[in-house]
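Please open the model in a viewer and keep the selection tool at hand. The stops below proceed from the whole chain to individual residues.

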Amino acid sequence: MSRLPVGLVSNTLSLSNRAGALPAAASDASVLHRPIQGLSGLAEALDDFAAAGTAVIAINGGDGTVSAVLTELFTTPRFPTLPPLALLPGGTLNMCAGDVGLHGSRDRALARLVRRVEAGKLTDTLVERHAICVRREGEPRPLYGMFLALGSLYRAIRYSYDEVPGRQSHPRLHTLRTLGSLIVRHLANGGASDRILRGDRVGLGVDGAEAEDVTLMLALATTLDRLVLGFQPYWGGGDGDLRFTALGHPPDRLIRRALRVLYGGVRRRLPGDSYRSYAAAQVRIGPGLPFALDGELYETAPDAWLELSAAGPLSFVRC
């Protein structure tokens, strides 16, 4: 089979694809297009891309689709050298695509990508990121993604899915509604615990250090530079490629310090007992914590710990 510039996988169950509005360039002769329903057919699509020698893998779906593709690529190697990835915002929140994806509408972005690949002008558009490798004790297959949420952040995501309207129609407004609702809850309770905003007693070990017992309100890990709404809630030093931030419970003056936590620079002057942030190589946390990885919800066995590390690096096309 002759070499094709772009292998495109489209999740037809992702928000922007449900009405059948796939990018027009998906039918281009230079694109090997494989529509999938959820995760059904993903492994076969990647097998086809490897057999065709595609130069770029384009992902037309949401953050969960990106995570599924990363998991397949890392756990079942198919390519002698992993080709660059190009993310199209085909999902709901599209946080990964917002940081390392293609610019503009999906139609124009895919057409522009094809032209650049065919002209051999891809190198100057590449940026590097790592993926998060998530290993659960007792589970043989790791998961891969780019944003992981624990504790109250996991519960807030579940709450937003179940109880806050507008997720499908207005994703960014939905995020603001969720934040506003949680702030009101926090103030109304006088900072006291409730079913969402509460502490979890866990063990936490960073970069091989012995795990210490801590009470955390929330924790997050990411390999992205910018999150939804431009958030950058990480500031810790270190040489690792995994950004990990944890807030103790109760967090000291959280509402007053919220903007500094979310948008501050490297020196945020936050009390270390309530606000921890690391650039780590490996994090071990548990036991029994459910988590959200790129918007998908997962359970962990009651006695199982999570081990987080950085995998890669990966090349992403930004054009």
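Two residues are in contact when heavy atoms of theirs lie within 4.5 Å. On that basis, in this predicted model, residues 24 or more positions apart account for 72% of the contacts in the protein chain with a separation of 6 or more.

**The whole chain**

Begin with the protein chain coloured by secondary structure, which shows seven helices and 15 strands. Of its 319 residues, 53% count as buried. Switch on the accessible surface: it comes to about 14,300 Å², and carbon and sulfur atoms hold 51% of that area.

**The nonpolar cores**

In soluble globular proteins, nonpolar side chains tend to be buried together. Select V9, I57, L70 and L87, the residues with the most contacts inside the largest nonpolar core, which has 41 residues. Apart from that core lies another, of 23 residues; V134, L143, V202 and L204 are among them.

Return to L70 and display its surroundings. Beyond residues up to four places away in sequence, L70 touches L85, A131, Y144, G145, M146 and L314.

**N60 in strand β3**

Next, select strand β3, residues 56-61, and within it N60. Is N60 buried or exposed? With a relative accessible area of 0%, N60 falls under the 20% limit and is therefore buried. Which side chain makes a polar contact with the side chain of N60? The partner is R106, at 3.0 Å. To see the wider environment, show the residues that N60 contacts outside its neighbours within four places in sequence: L8, V9, S10, N11, N17, L22, P23, L88, G90 and R106. One of these, V9, was selected at the previous stop as a residue with many contacts in the largest nonpolar core.

**H130 in strand β5**

Move to strand β5, residues 126-136, and select H130. The relative accessible area of H130 is 17%, under the 20% limit, so this residue also counts as buried. Its side chain joins that of D241 through a polar contact of 3.4 Å. D241 also appears in the set that H130 touches beyond four places in sequence, together with M146, T223, A310, A311, G312 and P313. Draw a distance from the C-alpha atom of H130 to that of T222: the two are separated by 9.0 Å, although they are 92 residues apart along the chain.

**Two cis peptide bonds**

Most residues other than glycine have a negative phi, and most peptide bonds are trans. The next selections depart from these tendencies. Start with G312 and P313, both of which H130 touches; the peptide bond between them is cis, with omega near 15 degrees. P313 belongs to strand β15, residues 306-317. Then select H249 and P250, whose peptide bond is also cis, with omega near -5 degrees. P250 sits in the loop between β10 (242-248) and α7 (254-263).

**Two positive phi values**

Where does D207 lie? Look in the loop between β8 (200-206) and β9 (212-222). D207 is not a glycine, yet its phi is positive, at about 55 degrees. At 45% relative accessibility, D207 counts as partly exposed.

Finish at L229, in the loop between β9 and β10. Its phi is near 60 degrees, again a positive value in a residue other than glycine. The relative accessible area of L229 is 26%, which makes the residue partly exposed.

Technical notes: Residues numbered from 1 in each chain as written. Predicted model: local features only at pLDDT ≥ 70, side-chain atom pairs only at ≥ 80, totals over all residues. Heavy atoms only, no water. Helix = DSSP H or I, 4+ residues; strand = E, 2+ residues; numbered from the N terminus. Buried < 20%, exposed > 50% of the residue type's maximum accessible area, 1.4 Å probe, protein only. Polar contact = N/O pair within 3.5 Å; in protein donor to acceptor, adjacent residues only side chain to side chain. Core = buried A, V, L, I, M, F, W, Y, C linked by side-chain atoms within 4.5 Å. Areas by Shrake-Rupley, 256 points an atom, 1.4 Å probe, with all protein chains shown as cover.
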